[in-house]
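Here are my notes on the model you sent over. Have the structure open while you read, and shout if something looks off.

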Amino acid sequence: MVLFNVDGWDLKTDNVIYYDASSERAAQKKKEQKEKKKEQKKQQNLKKSRHEEPTNKLANASKRKMEEPTSPLKENKVKFAKLELKAAPRTEKTLTPLQQKMMAKLTGSRFRWINEQLYTISSEDALRLIQEQPQLFDEYHDGFKSQVASWPENPVDVFVEQIRQRSKKPINAPGGLPGLPTKQIVIADMGCGEAQLALDINKFFSQYNKKSKKYQQKSHVVHSFDLKKANDRITVADIKHVPLPDSSCSIVVFCLALMGTNFLDFIKEAYRILAPRGELWIAEIKSRFADGKGDEFVEALKLLGFFHKKTDNENKMFTRFEFFKPPQDIIDERRAKLERRHKFIETENEKEALEKKRLQIAEGKWLLKPCIYKRR
Ligand SMILES: C[S@@+](CC[C@H](N)C(=O)[O-])C[C@H]1O[C@@H](n2cnc3c(N)ncnc32)[C@H](O)[C@@H]1O
């Protein structure tokens, strides 16, 4: 018998669903859970996008920088105005392996970005950048340390070994370390990073003097300069101008520290603070030399008054150079020789040409290329 037969309605099923209170509750609960999950996901996305914001800023800043025209001096000011990157918070929370991987990537790209900035801005801008955002210095050095750890040799260790070997001979003797007329060894470590060189040299001389007879003991001091006072050994200074008197050092070291676009100003400062016969020690990443060998670099330093002692190309990653500041009698002798060969004017012209070229294009763009670390 047809119970309901309404015109226009045709119920073609035998399965009638009756009202069931428990299934109604279950459906309601399911709906609530779904909404809760949706809300949680929304919150997570919000958090994630907040966290990623500096990376995007960073990527955009880098992109903008690449697109910039490369006009000199004025360009640095423009660039500096764009360095808005805020230091990333250092979170020590426990992270999942995926989060750790992402964090390592982010840290790596921040390191490469800061590194690139330091090689492509002037030393004044670099000092300003680190003074305004000191955290960038720590982030840079975390990345730098992990780069150096992957190299066969740390150049700082090579310099310490030089001190160790040459201290076997008397100060100022052939093959011995250069000292001031008082026989004190005074070292300036320019762009010292965390001043590892001073730490190692102090330790070495303290042990050396303990083992040596009184007349063999050596007096030394290490001045360490960088953009941030990361520890008590460091004095904050732009190495274009350090707070030391003229002729007050016997060794000046630049260990991978010729970073600013105006790095020849650092070399001039080394000349000012070195005593006659004082030595200039430099280590630089091989890939920075436009000519692959560093000959052009050596010639430029000779034009600034240094005499070249040696180039050590043995290391795979960096080249090491030794120069010295000639005393006045050698400068006079050299000048007389050049004049005899009618070459004095020629050399003066070369010096002028170097200064002219620097004014047009900063030396950080042609004499030494920026050191760009690859993504690992
Ligand atoms: C590649 S790190 C090398 C650090 C250290 N010499 C070493 O080998 O471990 C270069 C250092 O030079 C510093 N630096 C760059 N430009 C500088 C400037 N104008 N004045 C002072 N330090 C500078 C950087 O802050 C950085 O610590």
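The points below go from the ligand to the core, then the strands, then two backbone oddities.

1. First, a reminder that we are looking at a predicted model. Local features are taken up at pLDDT of at least 70, and side-chain atom pairs at pLDDT 80 or more. Totals for chains, interfaces and linings still use all residues, though.

2. On to the ligand. It has 21 residues around it, and the closest are Ser123, Gly191, Gly193, Cys255 and Met259. If you sort the shell by class, you get 14 nonpolar residues, five polar and two charged.

3. Which elements supply at least two residues each of that shell? They are helix H4 (123-132), helix H6 (155-166) and strand E2 (220-226). H4 gives the largest share, with three residues.

4. Now the largest nonpolar core, which has 64 residues. Those touching the most other members are Ile187, Met190, Leu197, Val252, Val253 and Cys255. Strand E4 (residues 249-255) contributes six residues, the largest share of this core. Cys255 is worth a click, as this core residue is also among the closest to the ligand.

5. Val253 is a handy place to look around from. Setting aside neighbours within four places in sequence, its contacts are Phe159, Ile187, Asp189, Met190, Leu197 and Trp281. Of these, Ile187, Met190 and Leu197 also appear among the core members that touch the most others.

6. How much of E4 is buried? Seven of its seven residues are, so by the cut-off of 20 or more other C-beta atoms within 10 Å this strand is mostly covered. E4 pairs with strand E1 (185-190) in the parallel sense, over four bridges. In that pairing, Ile187 sits opposite Ile251 of E4.

7. E4 also runs parallel to E5, joined to that strand by six bridges. Phe254 faces Ile282 of E5 across the pair. To get from E4 to E5 the chain passes through helix H8 (residues 264-273), and the β-α-β crossover is right-handed.

8. E5 has another pairing, with strand E7 (residues 318-324), and here the sense is antiparallel, over seven bridges. Ala283 has Arg320 in E7 as its bridge partner.

9. Two backbone angles deserve a second look. Most residues other than glycine have a negative phi. Asn172, however, has a phi near 70 degrees, and Arg277 has one near 75 degrees. Asn172 is in the loop between H6 and E1, whereas Arg277 lies within strand E5 (residues 274-285).

10. Are those two residues buried or exposed? Asn172 has 15 C-beta neighbours inside 10 Å, so this residue counts as partly exposed. Arg277 has 17 inside 10 Å and is therefore partly exposed too.

Terms used
Residues are numbered from 1 along each chain as its sequence is written. A residue is near a molecule or strand if its C-beta atom, placed from the backbone, lies within 6 Å of it. Ala, Val, Leu, Ile, Met, Phe, Trp, Tyr, Cys and Pro count as nonpolar, Asp, Glu, Lys and Arg as charged, and the others, Gly among them, as polar. A nonpolar core is a set of buried Ala, Val, Leu, Ile, Met, Phe, Trp, Tyr and Cys residues joined through C-beta atoms within 7 Å. A residue is buried if 20 or more other C-beta atoms lie within 10 Å of its own, exposed if 12 or fewer, and partly exposed in between; C-beta atoms are placed from the backbone. Two residues are in contact if their C-beta atoms, placed from the backbone, lie within 7 Å. Two strands pair if DSSP finds at least two bridges between them. A crossover is right-handed if, with the strands pointing away from the viewer, the path from the first strand over the helix to the second runs clockwise.
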